[in-house]
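Q: Please take a close look at one part of this structure, the aromatic residues and the surface around them. A connected account of how that part is built would be welcome.

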Amino acid sequence: MEDNCWLEFMRTGSVFDYLKYKEHEKVTADDKLNQGISNQRTDNRGE
C-alpha cells in the first residue's frame, strides 16, 4: 500500500497525495513499534 501511495503522488504531484503517503508511512511505523512492544513479556520482572 505504501508503494501505491508513493506512486500515486509521483503520478499526480499533488500535495494531497504526498500527505496521504506520509500519513500511511506514519501509521505503518506506529504499527511496527506497537507490535514490538506487545511482544515483550510483562511477567519478566528480572527476579
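A: A residue is called buried under 20% relative accessible area and exposed over 50%, with partly exposed in between. Glu-8, at 27% relative accessibility, is therefore partly exposed. The model discussed here is predicted.

The setting comes first. The protein has 2 helices and 0 strands. Of its 47 residues, 9% count as buried. The accessible surface comes to about 4,300 Å², and carbon and sulfur atoms account for 52% of that area.

A search of the whole structure for aromatic pairs finds 4. In one of them, Trp-6 and Phe-9 are tilted against each other, with 5.2 Å from centre to centre and 50° between the planes. Both residues belong to helix H1, where they stand 3 residues apart, about one turn of the helix. Their exposure can be read from the same limits: Trp-6 is partly exposed because its relative accessibility is 33%, whereas Phe-9 is buried because its value is 17%. Tyr-18 and Tyr-21 also form a tilted pair, since their ring centres are 6.4 Å apart and their planes meet at 45°. A pair is counted if the centres lie within 6.5 Å, and tilted covers the angles that are neither under 30 degrees nor over 60. Tyr-18 and Tyr-21 both lie in helix H2, again 3 residues apart, about one turn of the helix. Tyr-18 is partly exposed at 32% relative accessibility, and Tyr-21 is buried at 12%. Trp-6, Phe-9, Tyr-18 and Tyr-21 form one aromatic cluster.

Two members of the cluster, Trp-6 and Tyr-18, also take part in a nonpolar patch on the surface, together with Leu-7, Met-10, Val-15 and Leu-19. The accessible area of the patch is about 620 Å² in total. Helix H1 (2–12) and helix H2 (15–38) each supply at least two of the patch residues. Entry to such a patch requires over 30% relative accessible area; Trp-6, at 33%, is therefore above that limit, and so is Tyr-18, at 32%. Phe-9, at 17%, is below the limit and so cannot be a patch residue. The value for Tyr-21 is 12%, which therefore rules out this residue as well. Val-15, in helix H2, counts as exposed because its relative accessibility is 61%.

Charged side chains complete the picture, with 3 salt bridges in the count. In helix H1, Arg-11 and Glu-8 are 3 residues apart, about one helical turn, and their side chains meet in a salt bridge at 2.6 Å, N to O. Arg-11 is exposed, with a relative accessible area of 62%. Helix H2 holds Asp-17 and Lys-20, 3 residues apart, and their salt bridge has an N to O distance of 3.9 Å, which means that the pair falls inside the 4 Å limit for a salt bridge. Asp-17 is buried at 8% relative accessibility, while Lys-20 is partly exposed at 39%. Lys-22 and Glu-25, also in helix H2 and about one turn apart, are joined by a salt bridge of 2.8 Å, N to O. Both ends of this bridge are partly exposed, with Lys-22 at 35% and Glu-25 at 27%.

Notes:
Residues numbered from 1 in each chain as written. Predicted model: local features only at pLDDT ≥ 70, side-chain atom pairs only at ≥ 80, totals over all residues. Heavy atoms only, no water. Patch = residues over 30% accessible without salt bridge, like charges linked within 9 Å, V, L, I, M, F, W, Y side chains within 5 Å. Areas by Shrake-Rupley, 256 points an atom, 1.4 Å probe, with all protein chains shown as cover. Helix = DSSP H or I, 4+ residues; strand = E, 2+ residues; numbered from the N terminus. Buried < 20%, exposed > 50% of the residue type's maximum accessible area, 1.4 Å probe, protein only. Phe/Tyr/Trp six-rings, centres within 6.5 Å; stacked < 30°, edge-to-face > 60°.
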